[in-house]
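Got a new structure on the screen and not sure where to start? Let's walk through it with some questions and answers.

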2 protein chains.
Amino acid sequence: MNLKQLAAHLGLSQTTVSRALNGYPEVSEETRKRVQQAADQHNYRPNTRAKALATGRAMAIGHVIPLSSRHEMMNPIFGDFISGAGESYSNAGYDMVLSLVADKEQSSAYHEMVAKRNVDGIVLHAPEMRDPRITLLQKIGLPFAVHGRATEITTPYSWLDVNNRSAFQRATDFLLDLGHRRICLVNGQENMDFAFRRRRGYEAALTARGVEIDPQLLFADEMTEVYGYETVRRTQRLDDPPTAYLVSSIIAAFGVRRAIEESELVMGRDISVITHDDDLSYLRNGADVPVFTATRSSVREAGRKLAQLLITQIETPGSPPLTELLEAELTVGRSTGPAPNRT
Amino acid sequence: MNLKQLAAHLGLSQTTVSRALNGYPEVSEETRKRVQQAADQHNYRPNTRAKALATGRAMAIGHVIPLSSRHEMMNPIFGDFISGAGESYSNAGYDMVLSLVADKEQSSAYHEMVAKRNVDGIVLHAPEMRDPRITLLQKIGLPFAVHGRATEITTPYSWLDVNNRSAFQRATDFLLDLGHRRICLVNGQENMDFAFRRRRGYEAALTARGVEIDPQLLFADEMTEVYGYETVRRTQRLDDPPTAYLVSSIIAAFGVRRAIEESELVMGRDISVITHDDDLSYLRNGADVPVFTATRSSVREAGRKLAQLLITQIETPGSPPLTELLEAELTVGRSTGPAPNRT
DNA sequence: CCAAATCACCAAAGCGCTTTGACTGATCAT
DNA sequence: ATGATCAGTCAAAGCGCTTTGGTGATTTGG
């Protein structure tokens, strides 16, 4: 059933039917009701493609996901972010189209999206510090919003980010307050902007207390379980091993915990751990009392908000870029305690 | 730059330009080259919406993801599956559109997709044993393919599945061969079809050896880390605790391992563990030697293949449903060993 | 040498929708 | 009574593409 048929069926013109369904005022209430009813009855839905062609709006938003292994780390996060964003989209009537592309085809993928005009806007994931994709999208002129930020790009654009610096600074402060001085940073890959900011926060806290930054305690890699495990094994063999670990992901934190327990030590007594917790739906940080002390910020919530932000931007053309900075909460669990007295 | 402009620029008709670009024979090689060049130079891409409207093909495939908590478990899997599917799509020139919908709106979501005509086919995730969505899609007549199967639906449809029954039967056999008799099944929610089949495999192996099935050792729930942990804690308090665990997901297996290590036991010596391993890119089963003995089947590969299967089906209309059954490999890691002698 | 076939191209219709501009009666102010 | 206003409706153009059904020009075959 299409518009034409529906109109014929009702003995009205396509114009009137279209206007009735789209809530234009120049249609009498009576006809509007009649049209609405017939539409419902025949389960009529306007053909998206025709509508898109006529209006110039695709009612869809694109996510370009890099396939490269370097970015693989965003995978665990991805599901939750997407489902948050999806909620906002479906509320606003947008579809979400995903493009998975190999790294080198990235820029052409963006060009293609804009040339093919099948999306009204784009969400950009996992930005690096000077991410060329941002400049590219600015040039192209398609609305976009970034999940995260790019430190070295100064021209304004829309983004939503967690305050990674402040979160890690507070976490480090928390450990310092407990008397820890040897704090190991188990960070994500530091070409990713968020990881860079986290390190800045960590360093700022140490510096503020006059604690020297020991490069031996600085790690940056893909945030896997094994990475967390290995890092603890390695650092505990140092002459002056760390008494605390600040971990960038709950997945790596699992590895950290495994290494601790394997060494017959007790987490929260012998060694303290704080992790960042993206509040993933399938990797909850314990039930009632959190297992880990954590800087928590729901990535699902971030998805929801970022999508909303992009939609607003799309629907109010000419508006200036929108930004939002979320603060992570520091929730205390059982993985932290006073630094043990070394004798 | 659109077709019309490009044609004008070249001094040709739209027809000729269109045909040249789409490889029709009735265009001289010379003009084709000229057109191709101009198109490249101006970075011309046909407008998807117009093309879709004209051809009736959307060049897009829909994934409807249920948002309900009951299905949350598919989240960790989801990212990998999608990225596999995405590879196939982008090779074949399809877009992927995701719809996240609340449970109760499921059926209307499918109707909407078909009425709005913005996809050429649908991938269905996480089927239950008698999944109403399958019957619905059969009725609607839109091409679709299922990741998994629905035991109780007999009319043919396209699917791709891992041989869950045989995988779990072999895994159970393996444990039985090692002398284990008390084997605990840490399964996923058994309204999901795959979980049901896994239990069947487990039961078949036990029955074949005349080992009694103890309901106290049968568990089914969302596959979280905590679930694995709790299950071990609980079962180790039994009078005759299990000496082996057969686990449905590597995430739950992490919890199992944690509980074992916390009890001062050694995995692989005191207690054996086999897990199903979806070969997730961010949760690798160890590096060289796998940590866990596992039934392994890459969910990413499944995504790739299922997408391919659906595309074939879409592009050869009238073809009978396609199906593919993947066998999981049983890889031996360090988490299994002979059953300890009870004295 | 002429009809038939082939080649290279084109004009125009159509996909299903929105939107512009025009057209009726009816209502209103003068 | 008369022109202006307005509510309700419609025909037709247009969005950017594909595809049908041509048309002349060239080649081919008898």
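Below are a few ground rules, followed by the questions.

This is a predicted model, where local features need pLDDT of at least 70 and side-chain atom pairs count only at pLDDT 80 or more, while totals for chains, interfaces and linings use all residues. Residues are numbered from 1 along each chain as its sequence is written, chains are lettered from A and ligands numbered from 1 in the order in which they are written, and side-chain values use heavy atoms, with hydrogens and water left out.

Q: Which residues come nearest to DNA strand D?
A: A residue is near a strand if one of its heavy atoms lies within 4 Å of it. There are 26 residues around DNA strand D. The ones that come nearest are T15(A), L3(B), S18(B), R19(B) and Y24(B).

Q: What share of the atoms of DNA strand D within 4 Å of the protein belongs to sugar or phosphate?
A: Those atoms of DNA strand D are split between bases on one hand and sugar or phosphate on the other. The sugar or phosphate share is 61%.

Q: How far is the side chain of Y24(B) from a phosphate oxygen of DNA strand D?
A: Let's start with chain A, where a polar side-chain atom of T16(A) lies 2.8 Å from a phosphate oxygen of this strand, and one of T31(A) lies 2.9 Å from a phosphate oxygen. These count as polar contacts (N or O atoms within 3.5 Å; within protein, one must be able to donate a hydrogen and the other to accept it, and residues adjacent in sequence count only if both atoms are side-chain atoms). For an N or O atom in the side chain of Y24(B), the distance is 2.7 Å.

Q: Which elements give two or more residues to the surface near DNA strand D?
A: Helices (H or I, at least four residues) and strands (E, at least two) are DSSP runs, numbered from the N terminus. Both protein chains take part here. The elements are helix 2 (14-21) and helix 4 (48-55) of chain A, together with helix 2 (14-21) and helix 4 (48-55) of chain B.

Q: Which side chain has an N or O atom 2.6 Å from a base nitrogen of DNA strand C?
A: On the phosphate side, S18(A) has a side-chain N or O atom 2.6 Å from a phosphate oxygen of DNA strand C, and for T31(B) the distance to a phosphate oxygen is 2.7 Å. The base nitrogen is reached by T15(B).

Q: What area is buried between chain B and chain A?
A: The contact (heavy atoms within 4.5 Å) takes 50 residues from chain B and 50 residues from chain A. Buried area is the accessible area (1.4 Å probe) that two parts lose on being put together, summed over both. Carbon and sulfur atoms give 56% of it, and the total is about 4500 Å².

Q: How many salt bridges does the rule find across the interface of chain B and chain A?
A: Side chains of opposite charge can pair when their charged atoms come close. The rule asks for a side-chain nitrogen of Lys or Arg within 4 Å of a carboxyl oxygen of Asp or Glu. K116(B) and D95(A) fit, at 3.8 Å from N to O. Across this interface, the count is six.

Q: Which element of chain B gives the most to the side that touches chain A?
A: Elements giving two or more residues to this side include strand 2 (95-101), helix 6 (106-116) and helix 5 (75-92) of chain B. With ten residues, the top contributor is helix 5.

Q: Which residue stands opposite M96(A) in strand 2 of chain B?
A: Strands pair if DSSP finds at least two bridges between them. Strand 2 (residues 95-101) of chain A and strand 2 of chain B run antiparallel, joined by three bridges. Opposite M96(A) is L98(B).
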